[in-house]
Amino acid sequence: MAENAKKLPPKNLFELIMQWPLKRKLSFAGVGIVSVVLFGLIILSARGGDYRLLYNNLDATDAAAVVAWLKENRVPYRLQNEGRSIYLPVAQVYEARLELAGAGIPQGGGIGFELFDKQSFGMTDFAQKVNYQRALQGELARTIANLSLVEGARVHLALPEKRLFREQQQVATASVILKLVPGRSPNEGQVQGIVHLVASSIEGLDPQQVTVIDSTGRVLSKKPGDGIDGPMTPGMLDYQQRVERTLEERAQSLMDRALGIGNSLVRITAQLDFSQVERTEEIFDPNRTAVRSEQVMEERSGQQDAGGVPGVEANLEGPAMGLGGAIPSSRNEETTNFEISKSISRTVGSVGGLKNLSVAVLVGDRPAPPGSDGPAFVPRNDNELRSIENMVAGALGLDRNRGDQIQIVSMPFENGIADFSGVESSPLDTFWQFWPLIKYALLAVAAALVYFILLRPLVRTIKSEAKAVEHYKTVEELESEMSQTGMLPGPKDPLAQIRNDVLGGRATPAQVIKTWLKES
């Protein structure tokens, strides 16, 4: 009886698992723990994607105003970055952002012209001027804070009152404090853009009176006389560096193709002429003349003179008598003006012309032939260095008459010194870059483990147990078992025995019919 009780099929899944061997139980427990951990990690990581950034790098005042509005409207949110970054569910980010903008939140770290939305009739003129100055400072700070490299900004204005006389008028000044994004630094052009933005927003403010500093106290704006003493402006220095960098890249690319990458180094110093020369020439050509004007004048005149002894004979008709007679006169005058040919030329010399170049080329030594007992590297010979010199000189367009110089030196390179041109990426950066793909791959692996190690063996076991339960014994097996147990004292009619089993509930008609069909 005890043996038959042990062979009875399990009533539930728990009894089935308890009948498994120890090795199978341990594997089942291990797969279950691994699956739970993997699914937990995937679910936790997937929950982070349901939230998206609403605002970033808010100051305490704006963050408090945004959180108060979200609580009032019962919008779920999350705070990160010490409360300066606010995240909302993806479906509510844009709607909440528009509604916050309509409510004037956030204000951008300062008070702007919304200060005049609520006016007080009892406010004095001095208070109005102070509020106007505060509004200007707040609006400028908001505008500057919108730049990509600026995390926060403060603006201070000193606006003197207008005076009646120009000699008594004081100049306006401004100061800008920038909180830069970590790892970012503005260039000269960006700083000048901030300076001109502030100067153009304030009436009568000279850009030279605007000072820009960062949160560490470093002065970013440059004024005439500041910085490097010399005739070159920052723009000229930047142009010279760009010219040198372009020539170095041209020569370095040629050396890399000829000697291999990392076997040479090129450095160039360019002397540029930034003087602006203007020359005007007026040249006269005496061999080429032209008539400019011509004037001709002709004059003729005559006069009759009367003479003789006065009396009767002088009054008689006839030829003149005495000393009287006619004296004619004429005059010709001609004036011709000639113009000498001349040419006027005005020449303006180009700024930033190249005066001379100084080129230094460092070439790595050639590896020694295999099997030699000497050093591992040997210097390059003169013919090879001369060929490299001619190649670099032709690529850069060197002119000896202009004063260009080139020096080529062959030296062994130190392997222990590496020239890192950028930040080396860590393996974690690569891992987080492919984390979305890894997450789905882990999900697929977890599903496969659950199926092959847990579900598939469980289904097989259940099927085998079901087949064992559905297996019905034949009439001969039932008679032999009943005779062994004493339930059947001797050979009896099988039909009567089956009838008794059916009436006693030990078997069903369906089982009997199935047994007969299998035997037939």
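Two strands are said to pair if DSSP finds at least two bridges between them, and the views below, all taken from a predicted model, begin with strands of this kind.

**View 1. Strand β3 is joined by bridges to both β1 and β2.** Between β1 and β3, which run antiparallel, there are 4 bridges, and in this pairing R52 stands opposite L88 of β3. On β2 and β3, which also run antiparallel and are joined by 3 bridges, R78 stands opposite Y87 of β3. The hairpin made by β2 and β3 has 4 residues between its strands, and in this hairpin N81 takes a positive phi near 55°. Is β3 mostly covered or mostly open? Strand β3 is mostly covered, since 4 of its 5 residues are buried.

**View 2. Helix α4, residues 60-72, has a buried side and exposed residues on the other side.** The 13 residues of α4 reach 18 Å from the first C-alpha to the last, which is close to the 18 Å expected at 1.5 Å a residue. Its buried residues are D62, A63, V66, V67, W69 and L70, and because they cover an arc of only 160° around the axis, they lie on the same side of α4. What covers these buried residues includes β1 (51-55), β2 (78-80), β3 (85-89) and α5 (93-102). On the other side of the helix, A60, T61, K71 and E72 are exposed, and just after α4, R74 takes a positive phi of about 55°.

**View 3. The largest nonpolar core of the model has 24 residues.** Those with the most contacts inside this core are I144, V176, L178, V198, L205, V210 and V212. At least two residues of the core are supplied by each of α6 (125-145), β4 (150-158), β5 (173-180), α7 (188-201) and β6, while the largest share, 5 residues, comes from α7. Which residues does L205 touch, not counting those up to four places away in sequence? They are A172, T173, A174, V198, A199 and V210. Apart from this core lies another one, of 19 residues, which includes L247, M255, L385 and V392. As a general background to such views, nonpolar side chains in soluble globular proteins tend to be buried together.

**View 4. Strand β7, residues 264-273, has side chains that alternate between two faces.** On one face, the side chains of S264, V266, I268, A270 and L272 are buried, whereas those of L265, R267, T269, Q271 and D273 point to the other face and are not buried. Strand β7 is joined by 10 bridges to β12, residues 353-364, and these two strands run antiparallel. Within β12, L354 is the bridge partner of L272.

**View 5. Confidence varies along the chain, being lowest in helix α1 and highest in strand β6.** The average pLDDT of the chain is 76, and 74% of the residues score at least 70. In α1, residues 2-6, the mean is 44, while in β6, residues 210-214, the mean is 91. Over residues 1-7 the pLDDT stays under 50, and for these residues the model has 0 contacts beyond four places in sequence. Over residues 416-424 the pLDDT is below 50, and this stretch has 0 contacts in the model beyond near neighbours in sequence. Where pLDDT is low, the predicted coordinates should not be read in detail.

Definitions and conventions. Residues are numbered from 1 along each chain as its sequence is written. This is a predicted model: local features need pLDDT of at least 70, side-chain atom pairs count only at pLDDT 80 or more; totals for chains, interfaces and linings use all residues. Side-chain values use heavy atoms; hydrogens and water are left out. The expected span of a helix is 1.5 Å times one less than its number of residues. Buried means under 20% relative accessible area, exposed over 50%, partly exposed in between (1.4 Å probe, protein chains only). The arc is that of the directions from the helix axis to the C-beta atoms. Contact means heavy atoms within 4.5 Å. pLDDT is the predictor's confidence in each residue, from 0 to 100. A nonpolar core is a set of buried Ala, Val, Leu, Ile, Met, Phe, Trp, Tyr and Cys residues joined through side-chain atoms within 4.5 Å.
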